[in-house]
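Subject: Structure handover

Hello,

The structure we discussed is below, sequence included. My notes on what was found follow it.

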Amino acid sequence: MAVFVGAIVQGGVGFGLGLVAAPVLTMLGPDLMPGAIQVVNLTLPLFTLAVEWRKVDWRGVGFAVLGRLPGSVIGALIIVYFSIYTRGIFVAVMVLVAVVLTARALSVPRNGFTITSAGFVSGITGTATGIGGPPIALVYQNAKGPQIRATLAMFFFLSAAQSLLILAFVDELPARSLLTGVVLIVPMVLGFLVSGPLRRYLDGGKVRVAVLVVAAASALGLIAQNVVTQIW
């Protein structure tokens, strides 16, 4: 259900699958994460690109991937040396800070430096927790809906492939995690198929607000999930 809802959100906003599903999967099966969600992250962008590939900002993708490479290495080290609880709180706080700073300003400049920086942060958070969308989405929040979705889709596809390779290299990608990810492709496809009406609604000028709301809500949910898990 979490993957189904997350796919609906990502199908409309351009990101959100990891934000919605990762906290739930981490709570239910921490040993499956972040590998399981990365399998889904690798697959969903292909559906978006099949529809909107012409809108990809290839220059932006290049800068983002350039920044993500060193970020992914740091993310892998975080997985090895830090607990799931610490990783979750770290990501949530970073997302909330980014949302607050963005909401107070009219826009985040979109240039080579900001995109590369967002890619770097996304590499850390995405590899460590499976949640790498907010940094890039916040940089692209003022772009048109189709461009946000297409650009993020290409970036997520390349990022997920990179993260899976790094997780395998550091021996944090068990077979059960991969199998779970394959099974979760089914609700992911169903969620994407029903996201069409949401795309049309958000393309009416509501994408920026949706990006900020989804990012903030997911960060708060991640904090709550980690606190509850720690108490239990």
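I start with one residue on the surface. L77 sits in helix 4, which spans residues 58-81. Please note before going further that this is a predicted model. With a relative accessible area of 46%, L77 is partly exposed. It belongs to a nonpolar surface patch of about 520 Å², made together with V73, V80, Y81 and F82.

Another residue of helix 4 is A76. Is A76 buried or exposed? Its relative accessibility is 5%, and the limit for buried is under 20%, so A76 counts as buried. In sequence A76 is 49 residues away from T125, while their C-alpha atoms are 9.6 Å apart in space.

Overall composition

The chain has 12 helices and 0 strands. Read along the sequence, the pattern is therefore α-α-α-α-α-α-α-α-α-α-α-α. Of its 232 residues, 53% count as buried.

Salt bridges

How many salt bridges does a search of the whole structure find? The search gives 2. As general background, side chains of opposite charge can pair when their charged atoms come close.

One salt bridge joins the side chains of D31 and R176, at 2.7 Å from N to O. D31 is in the loop between helix 2 (17-28) and helix 3 (35-52), and R176 is in helix 9 (residues 175-183), so this pair ties together parts that are 145 residues apart in sequence. D31 itself counts as partly exposed, at 49% relative accessibility.

A salt bridge is also formed by R149 and E52, whose closest N and O atoms are 2.9 Å apart. Here R149 belongs to helix 8 (residues 145-169) and E52 to helix 3, so the pair links parts that are 97 residues apart in sequence. Both R149 and E52 are buried.

Helix packing

Two packed helices are described by the angle between their axes and the distance between the axes. Three pairs are listed here in those terms.

- Helix 1 (residues 2-13) and helix 2: the angle is about 165 degrees and the axes are 7 Å apart. An angle over 145 degrees counts as roughly antiparallel, so helix 1 is roughly antiparallel to helix 2. Helix 1 passes helix 2 in a right-handed crossing.
- Helix 3 and helix 9: the angle is about 40 degrees, with the axes 7 Å apart. That makes helix 3 oblique to helix 9. The crossing of helix 3 and helix 9 is right-handed.
- Helix 3 and helix 10 (residues 185-193): the angle is about 30 degrees and the axes are 10 Å apart. Angles under 35 degrees count as roughly parallel, so helix 3 is roughly parallel to helix 10. The crossing of helix 3 and helix 10 is right-handed.

Helix 3 comes up in several of these notes. It packs against helix 9 at about 40 degrees and against helix 10 at about 30 degrees. Helix 3 also holds E52, which forms a salt bridge with R149. The loop between helix 2 and helix 3 holds D31, the salt-bridge partner of R176.

Helix 4 appears on two counts. L77 in helix 4 is partly exposed, whereas A76, also in helix 4, is buried.

Regards

Technical notes: Residues are numbered from 1 along each chain as its sequence is written. This is a predicted model: local features need pLDDT of at least 70, side-chain atom pairs count only at pLDDT 80 or more; totals for chains, interfaces and linings use all residues. Side-chain values use heavy atoms; hydrogens and water are left out. Patches are made of residues with over 30% relative accessible area and no salt bridge: like charges are joined within 9 Å, nonpolar side chains (Val, Leu, Ile, Met, Phe, Trp, Tyr) within 5 Å. Accessible areas come from the Shrake-Rupley method with a 1.4 Å probe; for residues, only the protein chains shown count as cover. A salt bridge is a side-chain nitrogen of Lys or Arg within 4 Å of a carboxyl oxygen of Asp or Glu. Helices (H or I, at least four residues) and strands (E, at least two) are DSSP runs, numbered from the N terminus. Buried means under 20% relative accessible area, exposed over 50%, partly exposed in between (1.4 Å probe, protein chains only). Axes are lines fitted to C-alpha atoms, for helices over the stretch in contact, and angles run from 0 to 180 degrees between N-to-C directions. Angles under 35 degrees count as roughly parallel, over 145 as roughly antiparallel, 65 to 115 as roughly perpendicular and the rest as oblique. A crossing is left-handed if the near helix is turned anticlockwise from the far one by less than a right angle, and right-handed if clockwise.
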